[in-house]
Amino acid sequence: MSSHVHAAPIRMRFFTRGTWVLVALMAVGFCFAAVRFTKGIGAVTNLDNQWPWGIWIAIDIACGVALAAGGFTTAALAHVFHREKFEPIVRPALITAMLGYTVVVIGLLADLGRYYNVWHPMVPSMWSGHSVLFEVGICVMFYLTVLYIEFLPMVTERFRGRVALPGALRPLNGFVEGLLRLFDRTLGRIMSVFIIAGVVLSCMHQSSLGALMVIAPYKMHPLWWTQVLPLLFLLSAFCVGPCMVIFESILASRAFGRRPEMEVLGPLSKILPVLLFFFISTKAMDLAVRGQLYRLADGSWQSVVFLVEMGFGFVLPFLMFFSARVRRSPRLLFTAATLVIFGVAMNRIDVFLVAFRPVYATKHYFPHVGELAITTGLIAFLIFAYRFVVLNFPVMHVEDAASQRGEGVPHA
Amino acid sequence: MDRRDFLKTVGAVGVGIAAADASASTAVHAPPDAFGVLVDTTACIGCRKCEWACNQVNELPVQPLEEFEDKAVFAAMRRPDAGNFTVVNQWPRQEHEGNVWAKVQCLHCNDPACASACLVSALEKQPNGAVKYDPWRCMGCRYCMVACPFQIPAYQYADALSPEVRKCTFCVERISAGERPGCVEICPVECLIYGKREELLSLAHERIGAYPDRYLDHVYGEHEVGGTSWLYIAGQPFPSLGFPELGEQSPARITENIQHGIFRRFIAPVALYATLAQVMWLGSRKDEVAAAAHKAEQHGEEHHE
Ligand code: SF4
Ligand code: SF4
Ligand code: SF4
């Protein structure tokens, strides 16, 4: 490493009060998961024949995939478009995406009635190219693989030059070291293939996720049902990617007692007005073309939800990101980014749950405590795993090695 | 990595993706000699014998026939569920005294949204008309339930091990063996007529033509969502009998058109891949040139790692 800025594991104690709270939430989720796998989906959810999908799809999967968009947007910016100044945020975003998609898959297993058949879409005789869900499933699977491959350099970097096998295995040290080096070099040469593949796969499934509900035109509220849902999902994923990076970076700087990387986040937030503009204008044009604008003023509760989603989640932060004052202030920047995250999360929940109207509805859906517990447990697991990875692998950038040295706090 | 190597690796991946395009599907057409059932709601007497027969032939929890004679169930509208593939609902008769009854079950769409949604083809339209479910393929994602415009498929939510999607099977084993579906066979008043869908359609229009006072000029299922194997005729508008008002295009066509538009022969993803690769390579060339120039300038001061 020749540069004065490089990534290194953060040195601090792993278990704090916050970490124990996460463990408790995970334990509760785990108990409900145990009920789910022994007594069936019906025992821990409010799902029925009218409401086949609940928050496990809307939050665990749809929001999970959207909020992991930081991974491919920063990879595209820093590596494909060579904006090297964004380099420091690539690894944290990648880790979020990798862990985020892992959680998406775990959440999916809870929701699938026959979870043990989850591999079926990979079998050629079962391929169903006509199914949007098939496309989503295959892309998510490939992308998750790509994410783990992109994580590998952090693993080799962590152990390269430090291989110290104990006892009888000691003579192998040199050999393992050599293997690691070879592996690292090979990986470095082909990594660009995976980076581009990751971006393409992301564009594909982020949009297909939006296409999922297009098949239910008669069951969806017209404010949300549109044939351009795939495009809207892709555009909003572009918006939320950088916002997640800003959100995480500032949050992590607090949690790990560091200075927020404003010199990276400020320039990053400059592209947000453009991205948000594309999303907002496409949405407005779509409503106008479909002749549904009048519904915004019809006073129904759906119209209120829609206005809150668009107003607070997209238009307000769009205006905020224009101001240089916002882009310079960690607090304001954090607020604006959080609003977009709120907007996109709300949009996914709206599309999958709020807009859904069963043909013969006799009740409203509200998540069962079991659904909430499992979802919360998964989110806790995500934060827990993130903490573990940044404390043990070179993810976060440190300004110079000296500031990290000599603290002497053992890490997990 | 030099340019040729780079493009070679990138190209190989592109070809790999394109080869995976084997899954691209073609539009689904109504099978030419599909069977169907014509339900004449003006003939139905609400005896619920079809419900009983359906439970019998499908080995659903069977209660004695007498229990199905209970008319109290008509107080509320019922929907088919995992243990009852068909139910009869009672509706007030318009412009006359009395009631009308309408049997509900899967309509076995010509271009079923449920089958289009399924990611492992666990639901498939058979040449004989039945939309058949294969539990061994199913993953239990319940996307078929989201997709069905008639809210038909039901799920065994209480089963932890091998829950199934449940719906009318069109008695596929019976009809393959040349028999009539259980519900049709038992119907005492010929409210249910089984036959080739094409012939049933002509029969329906004949009846409507012969008794214009008795029937509305609308065969429900002739055009709805691309047509269905089960057809209905009635003396009053279908929404008053609990049927949803639907357009003529199957929802499957809308999504599949988008899907095929974007992924046709994988042109769009491959093009995106190639473009990004080009951008990336051009950028890295520029960086290399800049770095080389930088290095040349600082030659001597720079120490090696
Ligand atoms: S009625 Fe519903 S379940 Fe039956 S074939 Fe049509 S889409 Fe599928
Ligand atoms: S629940 Fe089963 S049949 Fe329905 S879409 Fe999913 S895999 Fe297909
Ligand atoms: S066709 Fe068979 S499965 Fe369907 S309602 Fe009739 S008896 Fe039941």
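These legends go with close-up views of a predicted model.

**View 1. Where chain A meets chain B.** Here 68 residues from chain A are in contact with 78 from chain B. Putting the two together buries about 6000 Å², and carbon and sulfur atoms account for 64% of that area. On the chain A side, the residues that give up the most area to chain B are A:Arg114, A:Ile215 and A:Tyr360, which together make up 15% of what that side buries.

**View 2. The salt bridge between the chains.** The count between chain A and chain B is just one salt bridge. It pairs the side chains of A:Asp111 and B:Arg142, with 2.9 Å from N to O. Polar contacts add to the picture: 30 residue pairs link chain A and chain B this way, both residues at pLDDT 80 or more.

**View 3. Helices of chain A that touch chain B.** Helices H1 (17-39), H2 (41-44), H4 (70-80), H6 (132-159) and H7 (173-211) of chain A each put at least two residues into the side that touches chain B. H7(A) gives the largest share, with eleven residues. Sort that whole side of chain A by class and you get 40 nonpolar, 19 polar and nine charged residues.

**View 4. The shell around ligand 2.** Chain B residues surround this ligand, including the cysteines B:Cys118, B:Cys138, B:Cys141 and B:Cys144. Also in the shell are B:Val120, B:Ala122, B:Leu123, B:Tyr133, B:Met139, B:Gly140 and B:Val165. B:Arg142 sits around ligand 2 too, and its side chain is the one that meets A:Asp111 in the salt bridge of View 2. By class, the shell splits into ten nonpolar residues, one polar and one charged.

Terms used: Residues are numbered from 1 along each chain as its sequence is written. Chains are lettered from A and ligands numbered from 1 in the order in which they are written. This is a predicted model: local features need pLDDT of at least 70, side-chain atom pairs count only at pLDDT 80 or more; totals for chains, interfaces and linings use all residues. Side-chain values use heavy atoms; hydrogens and water are left out. Contact means heavy atoms within 4.5 Å. Buried area is the accessible area (1.4 Å probe) that two parts lose on being put together, summed over both. A salt bridge is a side-chain nitrogen of Lys or Arg within 4 Å of a carboxyl oxygen of Asp or Glu. A polar contact is a pair of N or O atoms within 3.5 Å; within protein, one must be able to donate a hydrogen and the other to accept it, and residues adjacent in sequence count only if both atoms are side-chain atoms. Helices (H or I, at least four residues) and strands (E, at least two) are DSSP runs, numbered from the N terminus. Ala, Val, Leu, Ile, Met, Phe, Trp, Tyr, Cys and Pro count as nonpolar, Asp, Glu, Lys and Arg as charged, and the others, Gly among them, as polar. A residue is near a molecule or strand if one of its heavy atoms lies within 4 Å of it.
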